[in-house]
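Let us walk through this structure together, one region at a time. Have the sequence and the 3D view open as you read.

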Amino acid sequence: MANVTKQKVPTIQAPKGMHDILPGDQELWAKVRKTAKDIADYYNFLRIDTPLLERSDLFERSIGFQTDIVEKQMFTIKTKGKEELVLRPEATAPVARAFIEHSLGQTLGLPLKLYYEGAMFRYEQPQAGRYRQFHQLGFEIISGDDDPILDAQIILVFFRFLEGLKIKDVTVGINSIGCKNCRPGYRRELQAFYRGRRGELCEDCKRRLDTNPLRLLDCKVPGCQPVKENAPIAVDHLCNACRSHFRTLLEYVEELGLPYRLDHRLVRGLDYYTKTVFEISGDGGIALGGGGRYDYLIELLGGKNSPAVGWAAGLDRIVEFMKAKGIAAASRLKPKPSLIYIGELAKKKSLKLVEELRRAGLEITEMLGRESLNAQLRNADKIHSPYALILGQKEVFEESIIVRDMKSGVQETVPLAKLVEVIKKRLK
RNA sequence: GUGCCCGUAGUUCAAUGGUAGAACGCCACUCUGUGGCAGUGGUCACGUGGGUUCGAUUCCCAUCGGGCACCCCA
């Protein structure tokens, strides 16, 4: 501490793609979390928290080996033992793991509704609204069958969540990518179609043709668009079961009056999705979250056949979206009466007085350690304190305190014993 | 991982191959036990490292960080 030579110490920045959530944003974040909890409570979703670290094979088996997430976006950690752990890139697989591990289907019954909220990690190039550590909120319904009414409800819950945050003009894009019976056929057809036009495709698409044909539909290169427009559509190749599932889902969504649009090009990047996939975007096309049905995930991880459906929302994006749209007010300190002291004696007394007021249930603020009366008053003004409670030497002797109305400037000296009563009465 | 752009006080922005200014903020004083207004003064910055140069915040390189696009997604 007593460094005489003043040399410059290099500063340290947060790691790439990781950001701080500063005090000014905390209120907004709290509001988002509170809204999520309220929605969860209403629709009977139970909170679950899973570890930040998981075994890497959990994601390899669930998300899929060939996905970008597993191939190159996982933060891996080698423990001192031989375990290889990863910082979770998403939480659906961990929730499924926990569901199986603790036999939650038995203890809590089906359909089981769960929700989570927390940090996820993906090693990729950061961009606005895209971080290496980001926060997701997710809702999942695990059931004994694949009833489309659950797909409809999960989408509804997403809408209600955004509605609770006053985010308007959102649309949901919905598609069905089939099940293990019909998807392979569609895949083959899509591949065959694209192979015939290989020459017209961009380099990426040529590569996708073999690695991940469904992704061909995501390509934004202008040259590929004409090909894409004529490409076979997933919905046309669904098996009877999937087709009827999709149709029924749309009927429910229609019945709910949700603003959806069919999006034949919508596919998800994770292998475990089946049938329904959807994505909700805000005004301006920013993807706020997405999800879908994952009927085989739990089986894939060694559990019983338990179809499920869920979604995840990017909270960082939602917070930024709300700020950009002016929905969020900058957080401000709550205006409370300010305790102000003058001189050593009053200072000494103040520390304890704060405790007494706290015990009496009176919320106040103070600037202990700030000696100047002017500065203390200025602060009281800045945070819009209705009253300044001024304690000086004289007041300490008299066991009284000055109550100053900050608006009018009118002051009154009241006995300390009556302070709580007086303030409570005035605040009404 | 690839390509392009960017990096100056706490914040928003200037200027400059000869070590930097403003506004707002913050602090103090005017006003030693009374805030808001005003005046005055003060505080605080060239992301980091190397190179070219007599001299670099400025030019070059690297690195770190940010942004955009690709990729992918939340």
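What follows looks at the surroundings of the RNA, then at some helices, and then at two backbone details.

Please keep in mind that this is a predicted model. A good place to begin is RNA strand B, which is surrounded by 53 residues. If you would like landmarks to click on, the closest of these are K16, A128, G269, G314 and G392. Several elements each give two or more residues to this surface: the strands β6 (133-142), β10 (287-293), β11 (308-314) and β15 (400-405), together with the helices α8 (203-211), α12 (315-324), α14 (373-382) and α15 (393-398). Which element gives the largest share of the surface near RNA strand B? That is α14, with 7 residues. Sorted by class, the surface near RNA strand B has 18 charged, 18 nonpolar and 17 polar residues.

Next, turn to helix α13, which covers residues 343-359. Its 17 residues reach 25 Å from the first C-alpha to the last, close to the 24 Å expected at 1.5 Å a residue. Even so, α13 is bent by about 35 degrees, and the place to look for this is S350. After the helix comes G361, with a positive phi near 80 degrees.

Now for how some helices pack. Two packed helices are described by the angle between their axes and the distance between the axes. Take helix α6 (residues 148-164) and helix α10 (residues 240-256): their axes come within 8 Å and cross at roughly 40 degrees. An angle from 35 up to 65 degrees counts as oblique, so α6 and α10 are oblique to each other. The crossing in which α6 passes α10 is right-handed.

Helix α6 also packs against α1, at an angle of about 140 degrees and with the axes 9 Å apart. Because only angles over 145 degrees count as roughly antiparallel, α1 is oblique to α6. Here, too, the crossing is right-handed.

Finally, two spots in the backbone deserve a visit. Most residues other than glycine have a negative phi, and most peptide bonds are trans. N44 is not a glycine, yet its phi is positive, near 65 degrees. You will find N44 in the loop between α1 (23-42) and β1 (46-47). The other spot is the peptide bond from L110 to P111, which is cis, with omega near -5 degrees. P111 lies in the loop between α5 (104-107) and β5 (112-121).

Notes
Residues are numbered from 1 along each chain as its sequence is written. Chains are lettered from A and ligands numbered from 1 in the order in which they are written. This is a predicted model: local features need pLDDT of at least 70, side-chain atom pairs count only at pLDDT 80 or more; totals for chains, interfaces and linings use all residues. A residue is near a molecule or strand if its C-beta atom, placed from the backbone, lies within 6 Å of it. Helices (H or I, at least four residues) and strands (E, at least two) are DSSP runs, numbered from the N terminus. Ala, Val, Leu, Ile, Met, Phe, Trp, Tyr, Cys and Pro count as nonpolar, Asp, Glu, Lys and Arg as charged, and the others, Gly among them, as polar. The expected span of a helix is 1.5 Å times one less than its number of residues. The bend at a residue is the angle between axes fitted to the seven residues ending there and the seven starting there. Axes are lines fitted to C-alpha atoms, for helices over the stretch in contact, and angles run from 0 to 180 degrees between N-to-C directions. Angles under 35 degrees count as roughly parallel, over 145 as roughly antiparallel, 65 to 115 as roughly perpendicular and the rest as oblique. A crossing is left-handed if the near helix is turned anticlockwise from the far one by less than a right angle, and right-handed if clockwise.
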